[in-house]
Amino acid sequence: MKRALLMGAMLVGSQAFAGEYLVKYNNTGALNLLNSMSLVKVSALNVMDHNETASLVKVDIRKQQEAEVLATLLSQPGVEYVVPNARMKAFTHSVDTAALKEQWAMGKVNAEKAWQRAGNKGNKGIIVAVIDTGVDYTHQALSPNMVPGYNFKDKNNDPMDKTSYQNPGHGTHCAGVIGATGLVDGGIVGIAPNVSMMPLRFLGENGSGDLNDAIKSIDYAIEKGAQVISASWGATIPRNQAMPLVEAIKRADDKGVIFVSAAANDGKNNDSTEVYPANNGFPNSITVAASGPSDAKPSWSNYGTATVHVAAPGEEIMSTLPKNKYGNLSGTSMATPLVSGIVALLKSQDPSLTGAQIRAILQTTGAKVSIQTACNCRVDAFNAVDAVLGKKMVVVPAAATLSSNETLNLAILNGKAPFKYTSSNASVASVSDAGVITAVANGTTAISVTDAEGKTASTLDINVGKKASQNPGNPGNPGNPGDPGDGSCPIGDQSMCDIICQIKPDLPFCQK
């Protein structure tokens, strides 16, 4: 019987590394305190790592003094927050190699037509960072497109994908979906077979890694010039616990790096389930659900109108595996690199395109399907490339969910000012002459636009109702020291916070 491998590297909040925390500091005094605490003989705190870019210090706290040390840290004015260093883990089943080289997804998204329309299959100057279990960069179908990466799991320059029962080659498979060359007899082709790929390993052969190394991988990709980051992993944890990861994605957003992430494989609605990095909410991000051969949602794929942007083929996906092998895997992990590859293909046609613009293009050119996302659509590479090359006028963002009284600024890609805006239901949301939407009452509307030359475009659904995630506008300011901003326990362990509050009852989250 054919068995599919459901892939998804998940950060499990309850599976933290015992005693390890990430401390975010905002002045040198707090950093010096951490270093001095670590220097004390038989210290209860040991500094393990320092990420200067993120202003994060990884520490190990002796269990016997854990509450006392945490209370001390959380009471320091220069300590912005403390979160457990959580565990990254890849969940895998068995590999199916019975249907080698069968690539239904390429036909479904019209890859061949997209390449013909573009006159190319990507550009080597576009780099996609594959942050994962590493990549078998010697694979015949991948090696011509690989650029140097790094192994944050083992702290060396060798990001080789190491396999085991837990990891059949997750990162290598993702890389093949993006950019396998299609030049190996009996092999496969990626959606953008002429782009470059940077392998960054932070998940090990046992399928686990830590949050700290994931953040370092993101910062490395930004520093080394990647234009796209493909992240087929995530965490079902509260936003305050994911804050170091959210801040890393904000740094990518600030540098114009497009961040593509998996919606997760729990079959849940992300609008009511906090999943990170999927729910980060930044303009540079595209969160991906999975679709099957008949354009139906597999039961395991997460979804969400407010938080998941598009769907893409992710079921029984044939791609590369380590040691020049191939196999079918399934998961939002497979849908994500397909979208990352299409993003790279679009950037190859127009390097100036932003993440927000590409997300809007993918949503307005996708095929309509019954999968609950912001666009209720499945990506179509040809339609997207055609829109870019044809300079189609597009409203950015193309879809959104707003809370009551929230405003949203619209921008127009490939249009000539002045613009005339119209709301299809002004009782739900109005729109000003400057293109500012104001949410009025729960419901759904769409905004149509006419430019100075008579060209028209329209958004998809603009929903007014409960906002799914916290406002991502200022992730670096979670509130008072030790307070995530909502009065809840800042380290995600209420029993530990109860003990801390007995030691330091004046801490903000202790004031209830």
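In this predicted model, a disulfide joins C375 to C377, with an S to S distance of 2.0 Å. The torsion about that S-S bond is about -70°, so the link of C375 and C377 is left-handed. C375 has 2% relative accessibility and therefore counts as buried, the cut-off being under 20% relative accessible area. C377 is buried too, at a relative accessible area of 0%.

**Disulfides of the chain**

The count of disulfides comes to 3. Numbering the bonded cysteines along the protein chain gives the pattern 1-2, 3-4, 5-6. The table lists the links with their sulfur distances, torsions and hands.

| Disulfide | S to S distance | Torsion about S-S | Hand |
|---|---|---|---|
| C375 to C377 | 2.0 Å | about -70° | left-handed |
| C489 to C497 | 2.0 Å | 75° | right-handed |
| C501 to C510 | 1.9 Å | about -85° | left-handed |

The link between C489 and C497 has a torsion of 75° about the S-S bond and is right-handed. Both of its cysteines, C489 and C497, are buried. In the link between C501 and C510, the torsion is about -85°, so this disulfide is left-handed. Here, too, both cysteines, C501 and C510, are buried.

**Helix α5**

Another cysteine, C174, is buried at a relative accessible area of 1%. C174 is one of the buried residues of α5. Helix α5 spans residues 170-179, and 10 of its 10 residues are buried, so the helix is largely enclosed by the rest of the structure. Before C174, the buried residues of α5 are H170, G171, T172 and H173. After C174 they are A175, G176, V177, I178 and G179.

**Helices α8 and α10**

Helix α8 covers residues 332-349 and helix α10 covers residues 381-389; their axes come within 10 Å and cross at roughly 20°. Angles under 35 degrees count as roughly parallel, and α8 is therefore roughly parallel to α10. The contact draws on I342, L345, L346 and Q349 from α8. On the α10 side, the contact is made by A381, A384, V385, V388 and L389. As for the hand, the crossing of α8 and α10 is right-handed.

**A sheet of β22, β26 and β27**

An open sheet is formed by 3 strands in the order β22-β26-β27, with antiparallel pairing. Its edge strands are β22, residues 420-423, and β27, residues 456-458, and each of these pairs on one side only. On average, and with direction ignored, neighbouring strands of the sheet are turned by 20° against each other.

How many bridges join β26 to β27? There are 3 bridges between strand β26, residues 447-450, and β27, and the two strands run antiparallel. Across this pairing, T450 stands opposite T456 in β27.

**Summary**

The 3 disulfides link cysteines in the pattern 1-2, 3-4, 5-6 along the protein chain. The link of C489 and C497 is right-handed, whereas that of C375 and C377 is left-handed, as is that of C501 and C510. Helix α5 is largely enclosed by the rest of the structure, α8 lies roughly parallel to α10, and β22, β26 and β27 form an open antiparallel sheet.

Definitions and conventions
Residues are numbered from 1 along each chain as its sequence is written. This is a predicted model: local features need pLDDT of at least 70, side-chain atom pairs count only at pLDDT 80 or more; totals for chains, interfaces and linings use all residues. Side-chain values use heavy atoms; hydrogens and water are left out. A disulfide is a pair of cysteine sulfur atoms within 2.5 Å. Buried means under 20% relative accessible area, exposed over 50%, partly exposed in between (1.4 Å probe, protein chains only). Two strands pair if DSSP finds at least two bridges between them. Helices (H or I, at least four residues) and strands (E, at least two) are DSSP runs, numbered from the N terminus. Axes are lines fitted to C-alpha atoms, for helices over the stretch in contact, and angles run from 0 to 180 degrees between N-to-C directions. Angles under 35 degrees count as roughly parallel, over 145 as roughly antiparallel, 65 to 115 as roughly perpendicular and the rest as oblique. A crossing is left-handed if the near helix is turned anticlockwise from the far one by less than a right angle, and right-handed if clockwise. Contact means heavy atoms within 4.5 Å.
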